[in-house]
Amino acid sequence: MPASARVKRVLNNNVVIAIHPVHEEVILIGKGIGFGKKNGEALDVSEVEKTFLLEDKVMQENYKQLLPYVGEEFIGFMDDLLSHIEKRMDSTLNEHIHIALTDHLSFAIKRMKEGLEFNNPFLIEVQSLYPKEHEVALEVVDMIESQLGFKFPIGEVGFIAMHIHSAITDKEISQISRDSELIRQLTHLIEQELAIDLDRQSIDFHRLVQHLRRAIDRVYKGEEVGERTKLDNLLKNEYPVCYNLAWKLIKIMQQKLKQPIDDAEIVYLTIHLQRLQSS
């Protein structure tokens with residue numbers, strides 16, 4: 001950060017809005033960076049730990065409005081937390097996580113203080129869909145307990161994992177939630193149609209969920225898996241129950257996603273279903 005950056009507004013002792021010679025208005029975070037500072041005063045570059053451009057003006061305004069509702073200690077903690085996530089995921093995080101996760105965690109702590117708890121209906125699916133994010137989310141929960149003294153319920157791990165996945169893929173949380181809910185519906189239908197109880201810790205369940213996730217991603221991207229082959233007729237004749245169920249799953253996906261799905265997906269889904277049925 002150039003030494004010519006100057007304070008525009010002190011939000012709290014650890015966060016200031018500054019005027020940057022290149023990026024114009026930026027948000028700077030650093031322990032004590034805003035203490036005793038006045039508007040127009042030059043900033044000590046060595047005190048700046050994080051620089052957020054937040055070029056989206058709506059996002060920037062949301063962040064400004066959020067800060068008065070969270071303590072300065074919590075802002076400093078979030079800085080450490082997000083640095084840990086970025087390092088563990090070995091990926092640059094989309095800046096929106098600074099608002100989304102700060103808001104989510106501060107509200108979760110408020111709920112805990114009031115004795116309220118939210119359940120995550122697709123925690124198991126999230127664990128299979130995003131294993132690395134889930135692992136890091138567990139570490140985040142441990143950090144919250146050790147540094148802030150709040151023991152989060154296990155359901156929060158899934159929500160945090162979704163925020164992490166959102167930040168590294170630029171997907172909206174709402175889209176991730178819809179996709180997770182769709183996969184949960186599909187797996188329940190599989191259990192009903194095949195009259196089985198899926199072992200959600202098994203490798204076959206993990207493979208199925210990962211395949212459904214990739215199939216959904218292909219729909220969003222408009223990708224095809226290839227032409228239907230002779231294997232299609234073989235599967236239809238050999239495994240009619242799984243083949244017909246695969247068609248049902250595809251029809252549901254088309255209805256929920258409101259986009260066409262490559263017919264060739266039927267082959268791969270049938271193979272996954274047959275593996276589940278025979279295991």
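**Notes on some helices and loops in this model**

1. His 134 lies in helix 5, where helices are DSSP runs of H or I with at least four residues, numbered from the N terminus. This is a predicted model, so local features need pLDDT of at least 70 and side-chain atom pairs count only at pLDDT 80 or more, while totals for chains, interfaces and linings use all residues. Residues are numbered from 1 along each chain as its sequence is written, and side-chain values use heavy atoms, with hydrogens and water left out.

2. Is His 134 buried or exposed? With a relative accessible area of 9%, His 134 is buried (buried means under 20% relative accessible area, exposed over 50%, partly exposed in between, with a 1.4 Å probe and protein chains only). Leaving aside neighbours within four places in sequence, His 134 is in contact (heavy atoms within 4.5 Å) with Leu 123, Gln 127, Val 157 and Ala 161.

3. His 134 has company: the buried residues of helix 5 also include Glu 133, Val 136, Ala 137 and Val 140. What covers the buried residues of helix 5 includes helix 2 (72-89), helix 3 (97-113), helix 4 (123-129) and helix 6 (155-169). Right after helix 5 comes Gly 149, with a positive phi near 85°.

4. On to helix 6, which is where you'll find Ser 166. Ser 166 counts as buried because its relative accessibility is 1%. Not counting residues up to four places away in sequence, Ser 166 touches His 96, Lys 171, Glu 172, Ile 173 and Ile 176.

5. Now have a look at two loop residues. Asp 170 sits in the loop between helix 6 and helix 7 (173-194), and Lys 258 in the loop between helix 10 (240-257) and helix 11. Asp 170 isn't a glycine, yet its phi is positive, about 65°; Lys 258 isn't one either, and its phi is positive at about 55°. Asp 170 counts as exposed at 53% relative accessibility, and Lys 258 is exposed with a relative accessible area of 72%.

6. How do helix 8 and helix 11 pack? Helix 8 (residues 203-221) and helix 11 (residues 265-278) meet at an angle of about 165°, with axes 10 Å apart (axes are lines fitted to C-alpha atoms, for helices over the stretch in contact, and angles run from 0 to 180 degrees between N-to-C directions). That makes helix 8 roughly antiparallel to helix 11 (over 145 degrees; under 35 is roughly parallel, 65 to 115 roughly perpendicular, and the rest oblique). Among the contact residues are Phe 205 and Leu 208 of helix 8, and Tyr 268 and Leu 269 of helix 11.
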